[in-house]
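Work through the exercises below with the sequence and the structure at hand. Try each task before reading its solution.

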Amino acid sequence: MTEHHVQHIKDYLKSQGFSDFELMDDLTDHLATEIEFSMDSEKLDFETSFENAKQKLLPDFPYQLERDLKILTTPKHNIMMKKIAFIGGYLSALCLTISILFGVLSHQEKTDANSYRILVDTQNKANLLIGEKYDNEWKDYLSKMEDSQLNIIRKSKLFQSFLALSALILSLTYLPYRFYNGYQKSQLELVA
Amino acid sequence: MYSRELLKGILRPIILKLLADNGKMYGYEIVQHVKASSEGKILIKEGSLYPSLHALTKEGYLQTESINVGNRLRKYYSLTEKGKAVVNPAIEEVMDFQTTLALLFGKSKTSVS
């Protein structure tokens, strides 16, 4: 088998998504041995022997082989790290959603408070004009405006707390996993 | 030919036993050896063999030696000391399992009145 033939097999494996060089060496030798056997015993050319070998030896989705290998050889602590990362990612997204919800509610409350403020001001001006004392309606508006302002403060605090919690969970669980994954990929590229 | 599911559990003992008997072997050789020894009844698929070989290597039961053959690398697998120590227990477990299966399936059917 020529160097060109071997390279052809390796290129095929790469095109199928293989990136584990140890596994690629094994499969290249396995396919090459089968091809050599077929070329010798059946007197077929390389291309035909290669096609036959692919159909005979590799599964329908060859990359499945590398996936199976990853599952079998992934240490338990890596699986645990992955679980923590995904649960952390989910919790962070949940906190972010709740924080956005409180942000929207706080904004809504601001609109309500502004409306009550306008009503209180209008009532004030009207009362000054006609010289009447503050009635129950005015007191009601004033109390609602105060309640709204208190709600704005409470919801803004919740918005900030959940936003901070979301960022904290993301930075402690999901981000380290993503960086570690990226580091491993870059190490593989260096070996390539 | 036995199903892949059936062979999954006994692939490791098969690999360990073969390497204990033959010293060092490469992947293609293991497949052909098992096929010939079992009279074609056990066909190990590459999709099962290599993940198992790599997992056994990573766990320290096997070691590899790469040799250049015809413009490519051929990896020979052999047992480590740790691997040699688990060969007999692995075989005994399979044989014990075989006996248990015989107890389950080997009895003749009881008559139903």
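A polar contact is a pair of N or O atoms within 3.5 Å, where, within protein, one atom must be able to donate a hydrogen and the other to accept it. The model used here is a predicted one, and side-chain atom pairs count only at pLDDT 80 or more.

**Exercise 1. The interface of chain A and chain B**

Task: Describe the interface, stating how many residue pairs are in polar contact across it and which elements of chain A give two or more residues to the side that touches chain B.

Solution.

Step 1. Across the interface of chain A and chain B, 12 residue pairs are found in polar contact, with both residues of a pair at pLDDT 80 or more.

Step 2. On the side of chain A that touches chain B, the elements giving two or more residues are helix H1 (3-15), helix H2 (21-41), helix H3 (46-57) and helix H4 (64-73) of chain A. The most comes from H2(A), which gives 13 residues to this side.

Step 3. Sorted by kind, the residues on the side of chain A that touches chain B are 10 nonpolar, five polar and nine charged.

Step 4. Taken as a whole, the contact draws 24 residues from chain A and 21 residues from chain B, and the area buried between the two chains is about 2000 Å², with carbon and sulfur atoms giving 54% of it.

**Exercise 2. Salt bridges between the chains**

Task: Find how many salt bridges cross the interface of chain A and chain B, and explain why the pair of A:Asp26 and B:Lys75 joins two chains.

Solution.

Step 1. Side chains of opposite charge can pair when their charged atoms come close. The rule applied here asks for a side-chain nitrogen of Lys or Arg within 4 Å of a carboxyl oxygen of Asp or Glu.

Step 2. By this rule there are five salt bridges across the interface of chain A and chain B, while the structure holds 13 over all chains.

Step 3. A:Asp26 and B:Lys75 form a salt bridge in which the closest N and O atoms are 3.2 Å apart. Since A:Asp26 lies in helix H2 of chain A and B:Lys75 in strand E3 (residues 72-79) of chain B, the pair joins two chains. A:Asp26 is buried, its relative accessible area being 3%, and B:Lys75 also counts as buried, at 5% relative accessibility.

Step 4. A salt bridge also links B:Arg72 with A:Asp29, and here the closest N and O atoms are 2.7 Å apart. This pair joins two chains as well, because B:Arg72 lies in strand E3 of chain B and A:Asp29 in helix H2 of chain A. Both B:Arg72 and A:Asp29 are buried.

Step 5. A network of salt bridges links A:Asp29, A:Glu36, B:Arg72 and B:Arg74.

**Exercise 3. A salt bridge within chain A**

Task: Work out which parts of chain A are tied together by the pair of A:Glu109 and A:Lys155.

Solution.

Step 1. The side chains of A:Glu109 and A:Lys155 meet in a salt bridge with an N to O distance of 2.9 Å.

Step 2. A:Glu109 lies in helix H5 (residues 76-130) of chain A and A:Lys155 in helix H6 (residues 136-191) of chain A, so the pair ties together parts that are 46 residues apart in sequence.

Step 3. Both A:Glu109 and A:Lys155 are buried.

**Exercise 4. Rings and a serine in helix H3 of chain A**

Task: Classify the aromatic pair of A:Phe46 and A:Phe50, and then decide whether A:Ser49 counts as buried or exposed.

Solution.

Step 1. The structure holds six aromatic pairs over all chains. In the pair of A:Phe46 and A:Phe50, the rings are 5.7 Å apart centre to centre, with 20° between the planes. Planes under 30 degrees apart count as stacked, and the pair is therefore stacked.

Step 2. A:Phe46 and A:Phe50 are four residues apart in helix H3 of chain A, which means that about one helical turn separates them. Both of these residues are buried, and ring pairs link them with A:Tyr12 into a cluster.

Step 3. A:Ser49 is likewise placed in helix H3 of chain A. Buried means under 20% relative accessible area, so A:Ser49, at 1% relative accessibility, counts as buried.

Step 4. The side chains of A:Ser49 and A:Ser38 are joined by a polar contact of 3.4 Å. Neighbours within four places in sequence left aside, A:Ser49 is in contact with A:Ile35, A:Ser38, A:Met39 and A:Leu44.

Technical notes. Residues numbered from 1 in each chain as written. Chains lettered and ligands numbered in written order. Predicted model: local features only at pLDDT ≥ 70, side-chain atom pairs only at ≥ 80, totals over all residues. Heavy atoms only, no water. Contact = heavy atoms within 4.5 Å. Buried area = accessible area lost by both parts, 1.4 Å probe. Nonpolar A, V, L, I, M, F, W, Y, C, P; charged D, E, K, R; others polar. Phe/Tyr/Trp six-rings, centres within 6.5 Å; stacked < 30°, edge-to-face > 60°. Buried < 20%, exposed > 50% of the residue type's maximum accessible area, 1.4 Å probe, protein only.
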